[in-house]
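User: I have a structure open and want the reasoning behind the labels put on it. Please set each value against its cut-off.

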Amino acid sequence: MKYIEVENYAEMSKKGAALIAAEVVSKPNAVLGLATGSTPVGIYKQLIEWFRNGDLDFSGVTSVNLDEYLGLDGTNPQSYRYFMNDNLFNHVNIDKSRTFVPSGTADDLASEGEAYDKLIKSLGGIDIQLLGIGEDGHIGFNEPDDCFTGPTHVVDLDESTVVANARFFDSIDDVPRKAITMGMASIMQAKKVLLVANGPKKYDIIQKAFFGPITPKVPASILQLHGDLTVIYSKI
Ligand code: GLP
């Protein structure tokens, strides 16, 4: 594991964006695993800036996102599809039809999960997976549990996650209680993993996840077993 502590959010974002940009530059048809949440927003802003300056070309890139709330379609501003369009896809030259987010409105969610895993396989896997981390150690929406779950699956969100994510909604009652998320298998099979976190609220979980025992009670801790993991943490 490469563990990098930086001074501030701007530095975290720039370093994180540089690792993703390096992937796109060295492999123009890269498959990027992307994440939502407030943490990666600075990375997306930096990637957009480099695209606008003519330094990055996303025309051959494919993206697969980690997760989506159940019941929200892409027109809902709180959906992760909307977030990705708004924070990245609408501002770079990626082919929208090559951007994938699990559907939270599929009739058959079990089949949706299977199809999503097949899709990732058919793309040849993920070249670099970007991750944030929840305060309870979740990645994607893989919440603390008694075991690690492999395939893309539906989850009940922990109350702490609902509370943490309520800031994006008008009221806590509007936060969906369920989500569909890529499981640990696809995340662990990504060729590279880049996890970013910032702020004092994330300090304890970063210590637990990367310097403590590997346990499904701290889902991100399994990343310690990944062969190419970079963690970038900024105290502020
Ligand atoms: C959500 C997402 C995660 C993200 C987490 C942390 O639960 N499903 O992928 O890592 O939020 O979000 P933030 O970066 O806003 O702290």
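Analyst: Contact here means heavy atoms within 4.5 Å. By that rule proline 102, leaving aside its neighbours within four places in sequence, is in contact with Asn65, Leu66, Asp67, Glu68, Glu112, Tyr116 and Ile180. Bear in mind that the model is predicted.

User: Where is proline 102 placed, and why does proline 102 count as buried?

Analyst: Proline 102 sits in the loop between β5 and α4 (109-122). Buried means under 20% relative accessible area. Proline 102 has 2%, so it counts as buried. Its C-alpha is 9.1 Å from that of tyrosine 69, and the two are 33 residues apart in sequence.

User: How many aromatic pairs are there in the whole structure, and why is the pair of tyrosine 69 and phenylalanine 141 called tilted?

Analyst: The search of the whole structure gives six aromatic pairs. For tyrosine 69 and phenylalanine 141, the ring centres are 5.5 Å apart and the planes are at 50 degrees. Ring centres must lie within 6.5 Å to pair, and planes under 30 degrees apart would be stacked, over 60 edge-to-face. An angle of 50 degrees is neither, so the pair is tilted.

User: What makes this a link between parts that are apart in sequence?

Analyst: Tyrosine 69 belongs to strand β4 (residues 67-69), while phenylalanine 141 is in the loop between β6 (128-131) and β7 (153-156). The pair therefore ties together parts that are 72 residues apart in sequence. Tyrosine 69 is buried at a relative accessible area of 1%, and phenylalanine 141 is buried at 1% relative accessibility.

User: Which label fits the pair of tyrosine 203 and tyrosine 233?

Analyst: Tilted: the distance is 6.0 Å centre to centre, with 55 degrees between the planes. Tyrosine 203 is in helix α7 (residues 203-211) and tyrosine 233 in strand β10 (residues 229-234), so this pair ties together parts 30 residues apart in sequence.

User: Why is tyrosine 203 called partly exposed?

Analyst: Partly exposed covers values between the 20% limit for buried and the 50% limit for exposed. Tyrosine 203 has 33% relative accessibility, so it is partly exposed. Tyrosine 233, with a relative accessible area of 1%, is buried.

User: Which residues do the ring pairs link into a cluster, and how do you know that phenylalanine 169 is buried?

Analyst: The cluster is made of Tyr69, Tyr80, Phe141 and Phe169. Phenylalanine 169 has a relative accessible area of 10%, so it falls under the 20% limit and is buried. Phenylalanine 169 lies in the loop between α5 and β8 (178-181). Setting aside neighbours within four places in sequence, phenylalanine 169 is in contact with residues including Tyr69, Leu72 and Gln78. Tyr80 is in helix α3 (residues 80-87), where Arg81, Phe83, Met84 and Asn85 are buried along with Tyr80. The buried residues of α3 pack against elements including α2, β4 and α5 (159-165).

User: Which residues touch the most other members of the largest nonpolar core?

Analyst: Leu47 and Leu223 do, out of 58 residues in that core. Helix α2 (residues 41-52) gives the most to the core, with six residues. Leucine 47 is in contact with Ala17, Ile20, Ala21, Leu56, Phe58 and Leu88, when its neighbours within four places in sequence are left aside. Another core, of 11 residues, lies apart and has Leu72, Leu157, Ala166 and Ala179 among them.

User: What makes threonine 39 one of the residues that come nearest to the ligand, and is threonine 39 buried or exposed?

Analyst: An N or O atom in the side chain of threonine 39 is 2.4 Å from an oxygen atom of the ligand. The limit for a polar contact is 3.5 Å. Ser38, Asp67, Arg167 and Lys202 also come nearest, out of 14 residues around the ligand. A polar side-chain atom of serine 38 lies 2.6 Å from a ligand oxygen atom, and a backbone N or O atom of glycine 140 lies 3.1 Å from a ligand nitrogen atom. The protein covers 94% of the 390 Å² of accessible area that the ligand has on its own. Threonine 39 is in the loop between β2 (31-34) and α2. At a relative accessible area of 6%, threonine 39 is buried.

Technical notes
Residues are numbered from 1 along each chain as its sequence is written. This is a predicted model: local features need pLDDT of at least 70, side-chain atom pairs count only at pLDDT 80 or more; totals for chains, interfaces and linings use all residues. Side-chain values use heavy atoms; hydrogens and water are left out. Helices (H or I, at least four residues) and strands (E, at least two) are DSSP runs, numbered from the N terminus. Buried means under 20% relative accessible area, exposed over 50%, partly exposed in between (1.4 Å probe, protein chains only). A nonpolar core is a set of buried Ala, Val, Leu, Ile, Met, Phe, Trp, Tyr and Cys residues joined through side-chain atoms within 4.5 Å. A residue is near a molecule or strand if one of its heavy atoms lies within 4 Å of it. A polar contact is a pair of N or O atoms within 3.5 Å; within protein, one must be able to donate a hydrogen and the other to accept it, and residues adjacent in sequence count only if both atoms are side-chain atoms. Accessible areas come from the Shrake-Rupley method with a 1.4 Å probe; for residues, only the protein chains shown count as cover.
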